[in-house]
Amino acid sequence: MPRVLDGAAIATAIKQEVADEVKKLAAQGIRPGLAAVLVGHEPASEIYVRSKVQTCAELGLFSDLITPPDTVTTEEMFDLVNSLNTRDDIDGILIQLPLPAQVDAKFLLDSVLPEKDVDGFHPVNAGRLQAGRPALAPCTPAGVIQILRRSQIPIAGKHAVVVGRSDIVGKPVAMLLLHENATVTICHSKTQNLGEVTRQADILVAAIGRPGFIMPEMVKPGATLIDVGINRISTREQFDRFFKGNEKREAAFLKRGSVIVGDIDPAAFELSSAYTPVPGGVGLLTIAMLMSNTVRAAKMRRGI
Ligand code: NAP
């Protein structure tokens with residue numbers, strides 16, 4: 001039977017460690033602070049940001065939710081970021097994506113002070129990560145490493161195959177796995193004979209954004225499968241492909257009209273030695289790592 005890598009338990013442990021650290025800092029008169037900038041009223045973004053702000057409160061961090069209207073300009077956002085860069089009560093700045101089309105998102109992310117870039121998206125942090133220097137690493141990739149480490153899954157010397165090369169998931173997760181001494185292969189949409197490559201993986205990380213894209217025949221039996229994908233499926237045909245006969249999911253599908261599936265076909269999990277479920281796996285680590293990064297930023301900024 002494959003082992004289910006329980007993202008909830010690992011996220012809870014990390015959050016507890018963060019809360020303990022926040023208490024220690026409080027004794028020195030320091031309260032780590034996160035500014036969350038949410039533009040407009042995109043429902044998914046509102047849910048994510050609300051949950052980030054709520055987690056700050058649970059763990060004892062200060063948070064400031066700033067909600068510019070969706071007519072905001074790049075210049076206005078730039079002024080806002082600059083003011084957050086200089087505020088002493090703010091250690092981390094989070095700009096929830098996506099931003100409205102008229103706003104230059106790259107320019108804004110680059111204007112966040114690297115020391116306050118708790119999402120780890122700034123080119124300076126990407127460079128530091130690559131160079132193996134202390135850096136704020138992107139939250140989801142950092143969460144992947146936490147899942148592997150805390151589940152005692154050996155990484156050093158293993159062949160890790162990452163499918164996806166985005167700046168926010170694929171590339172940084174590959175870099176972090178390399179720092180953990182894995183032999184790393186990165187695949188993308190132009191990779192030829194993808195299944196041949198993924199079948200060599202001891203650790204297979206899927207960050208593609210396509211429902212159930214990694215099929216059982218693309219997986220080496222006994223591999224560890226890390227599924228970063230979050231895809232909403234809403235047709236009966238798609239549902240039946242992945243979850244036919246699964247009563248719990250069926251009930252959720254009928255109630256909400258959709259369910260979430262990862263980038264790995266759940267049938268492939270059966271072949272693995274361990275896997276992260278979707279939902280309940282990697283996704284839960286992202287906010288925990290954001291909290292951890294904010295505390296880290298607060299300490300680094302004060303030379304602690
Ligand atoms: P992205 O920016 O769209 O990147 C997708 C990557 O997959 C690209 O590198 C692309 O290759 C590759 N790809 C697409 N089709 C492919 C194919 N047919 N064969 C091989 N590679 C293919 O997506 P992302 O932001 O990295 O996110 C990936 C997934 O992770 C999404 O489902 C997203 O929702 C999820 N996600 C989850 C979390 C979380 O758990 N909290 C956080 C972030 C993202 P090219 O570069 O060649 O186009």
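**Exercise 1: The ligand and its contacts**

Find out how far a polar side-chain atom of S189 lies from an oxygen atom of the ligand, and then look for other polar contacts of the ligand.

*Solution.* Step 1. Start at S189 in this predicted model. A polar side-chain atom of S189 is 2.5 Å from an oxygen atom of the ligand. A polar contact needs a pair of N or O atoms within 3.5 Å, and the pair at S189 is 2.5 Å apart.

Step 2. Move on to S166: an N or O atom in the side chain of S166 is 2.5 Å from an oxygen atom of the ligand.

Step 3. Now try T286. Here the partner is a nitrogen atom of the ligand, with a polar side-chain atom of T286 at 2.8 Å.

Step 4. Ask how much of the ligand is covered. On its own, the ligand exposes 920 Å², and the protein buries 71% of that area.

**Exercise 2: The shell around the ligand**

Describe the residues that surround the ligand, by number and by class.

*Solution.* Step 1. Count the neighbours: 22 residues surround the ligand. The closest are R165, S166, S189, I230 and T286.

Step 2. Sort the shell by class. It holds 10 polar, 9 nonpolar and 3 charged residues.

**Exercise 3: The second largest pocket**

Which helices each supply at least two residues of the lining of the second largest pocket, and which helix gives the most?

*Solution.* Step 1. Begin with the space itself: the volume of the second largest pocket is about 610 Å³. Its lining has 24 residues, and those closest to the centre are Q146, M289, S292, N293 and R296.

Step 2. Look at the helices. At least two lining residues come from each of α1 (7–27), α6 (139–150), α7 (170–179) and α12 (283–301). With 6 residues, α12 gives the most.

Step 3. Sort the lining by class: 11 residues are nonpolar, 8 are charged and 5 are polar.

**Exercise 4: A cavity**

How many cavities of 30 Å³ or more does a search of the whole structure find, and which residues line the largest cavity?

*Solution.* Step 1. The search finds 1 cavity of that size. The largest cavity holds about 40 Å³ of space.

Step 2. Its lining is made of I93, I95, L109, V112, D117 and D119. By class, 4 of these residues are nonpolar, 2 are charged and none is polar.

**Exercise 5: Backbone surprises**

Find where the peptide bonds from L97 to P98 and from V278 to P279 are cis, then look at the phi of Q152 and G257.

*Solution.* Step 1. Recall the usual pattern: most peptide bonds are trans, and most residues other than glycine have a negative phi.

Step 2. Take the bond from L97 to P98, which is cis with omega near 0 degrees. P98 sits in the loop between β4 (92–95) and α4 (105–111).

Step 3. Next, the bond from V278 to P279 is cis, with omega near -5 degrees. P279 belongs to the loop between β11 (274–275) and α12.

Step 4. Turn to phi. Q152 has a positive phi, near 55 degrees, although it is not a glycine. Q152 is found in the loop between α6 and β5 (159–163).

Step 5. Finish at helix α10 (residues 247–256). At its start, a side-chain oxygen of N246 comes within 3.3 Å of the backbone nitrogen of K248. After α10 comes G257, with a positive phi near 85 degrees.

Methods: Residues are numbered from 1 along each chain as its sequence is written. This is a predicted model: local features need pLDDT of at least 70, side-chain atom pairs count only at pLDDT 80 or more; totals for chains, interfaces and linings use all residues. Side-chain values use heavy atoms; hydrogens and water are left out. A residue is near a molecule or strand if one of its heavy atoms lies within 4 Å of it. A polar contact is a pair of N or O atoms within 3.5 Å; within protein, one must be able to donate a hydrogen and the other to accept it, and residues adjacent in sequence count only if both atoms are side-chain atoms. Accessible areas come from the Shrake-Rupley method with a 1.4 Å probe; for residues, only the protein chains shown count as cover. Ala, Val, Leu, Ile, Met, Phe, Trp, Tyr, Cys and Pro count as nonpolar, Asp, Glu, Lys and Arg as charged, and the others, Gly among them, as polar. On a 1 Å grid over the protein atoms alone, a cavity is a set of points where a 1.4 Å probe fits but cannot get out, and a pocket is an open set with protein on both sides within 12 Å along at least five of seven lines; lining residues have an atom within 4 Å of a point. Grid points are joined across faces, edges and corners, and a volume is the space filled by probe spheres set on the points. Helices (H or I, at least four residues) and strands (E, at least two) are DSSP runs, numbered from the N terminus.
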